[in-house]
Amino acid sequence: MKVRLSLAALPFVLIAIFAGSYILRWIAVVLVALILGTVLFGLEIKLKYRPKTRFTPKEKKSEFERTAMLISKARSGSVARALIEEKILDSYAVLTDSELKSDPNAALKALHSDGDFLDNLEKALEILEADLNEG
């Protein structure tokens, strides 16, 4: 904001230097002084700013709906995949105290194996379910 306001003074500086009329030069100098004084003392012009929003959720989504949306986004997005992996890690953190990021177990290996992500996720969740039933 301050840089733009400073650049706004540039044409008036040029007028103050190159204008032929003495009165025009002084008017330009006064305008430059006002603009740069505004920048120097931090007086900013207050503008109404209303951010554009795509939508406003009318009702809160349940945990199941948010998880289903996360899984549908995980087909193409690496961030959603990382979030799903974190949820699986959190589930295993309840069961054990071992560090799974450095030494992944069978569920995480199944999740990271080659092939379709949703099939891998299904295999990883089956392994997680077996571990939960076992523990």
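## The lining of the largest pocket

The residues that line the largest pocket sort into nine nonpolar, two polar and two charged. Keep in mind as you read that this is a predicted model. How big is the largest pocket? Its volume is about 210 Å³. There are 13 residues in the lining, and those closest to the centre of the pocket are T67, I71, I84, K87 and L125. You may like to find these five in the 3D view.

Which helices help to build this lining? Helices α4 (63–73), α5 (78–95) and α7 (117–134) each supply at least two residues. Helix α4 gives the most to the lining, with six residues.

## The whole chain

Let's step back and look at the overall fold. The protein chain has seven helices and zero strands. If you walk along the sequence, the pattern you meet is α-α-α-α-α-α-α.

The chain has 135 residues, and 19% of them are buried. What about contacts between residues that are 6 or more positions apart in the sequence? Of these contacts, 38% are between residues separated by 24 or more positions.

## An aromatic pair in helix α3

How many aromatic pairs does the structure hold? There is one. Its partners are Y22 and W26, whose ring centres are 6.5 Å apart; their planes meet at 75°, so the pair is edge-to-face. The reasoning is simple: planes over 60 degrees apart count as edge-to-face.

Both Y22 and W26 belong to helix α3 (residues 22–41), where they sit four residues apart, about one turn of the helix. Are these two residues buried or exposed? Y22 counts as exposed because its relative accessibility is 58%, and the cut-off for exposed is over 50%. W26 has a relative accessible area of 47%, so this residue is partly exposed.

## R25 in the same helix

Another residue to look at in helix α3 is R25. Its relative accessible area is 35%, so R25 is partly exposed. Where does F12 lie relative to R25? The two are 13 residues apart in sequence, and their C-alpha atoms are 8.7 Å apart in space.

Which residues does R25 touch, once its neighbours within four places in sequence are left aside? R25 is in contact with I15, A16, I17 and A19.

## N120, a buried residue

Our last stop is N120, which is found in helix α7. Helix α7 is also one of the helices that supply at least two residues to the lining of the largest pocket. Is N120 buried or exposed? N120 counts as buried because its relative accessibility is 3%, and buried means under 20%.

What surrounds N120? Not counting residues up to four places away in sequence, N120 touches A110, L111, S113, D114 and G115. With S113 there is a further detail to look for: a polar atom of the N120 side chain lies 2.7 Å from the backbone oxygen of S113.

Methods. Residues numbered from 1 in each chain as written. Predicted model: local features only at pLDDT ≥ 70, side-chain atom pairs only at ≥ 80, totals over all residues. Heavy atoms only, no water. 1 Å grid on protein atoms, 1.4 Å probe; cavity = no way out; pocket = protein on both sides within 12 Å on 5 of 7 lines; lining within 4 Å. Points joined across faces, edges and corners; volume = space filled by probe spheres on them. Nonpolar A, V, L, I, M, F, W, Y, C, P; charged D, E, K, R; others polar. Phe/Tyr/Trp six-rings, centres within 6.5 Å; stacked < 30°, edge-to-face > 60°. Buried < 20%, exposed > 50% of the residue type's maximum accessible area, 1.4 Å probe, protein only. Polar contact = N/O pair within 3.5 Å; in protein donor to acceptor, adjacent residues only side chain to side chain. Contact = heavy atoms within 4.5 Å.
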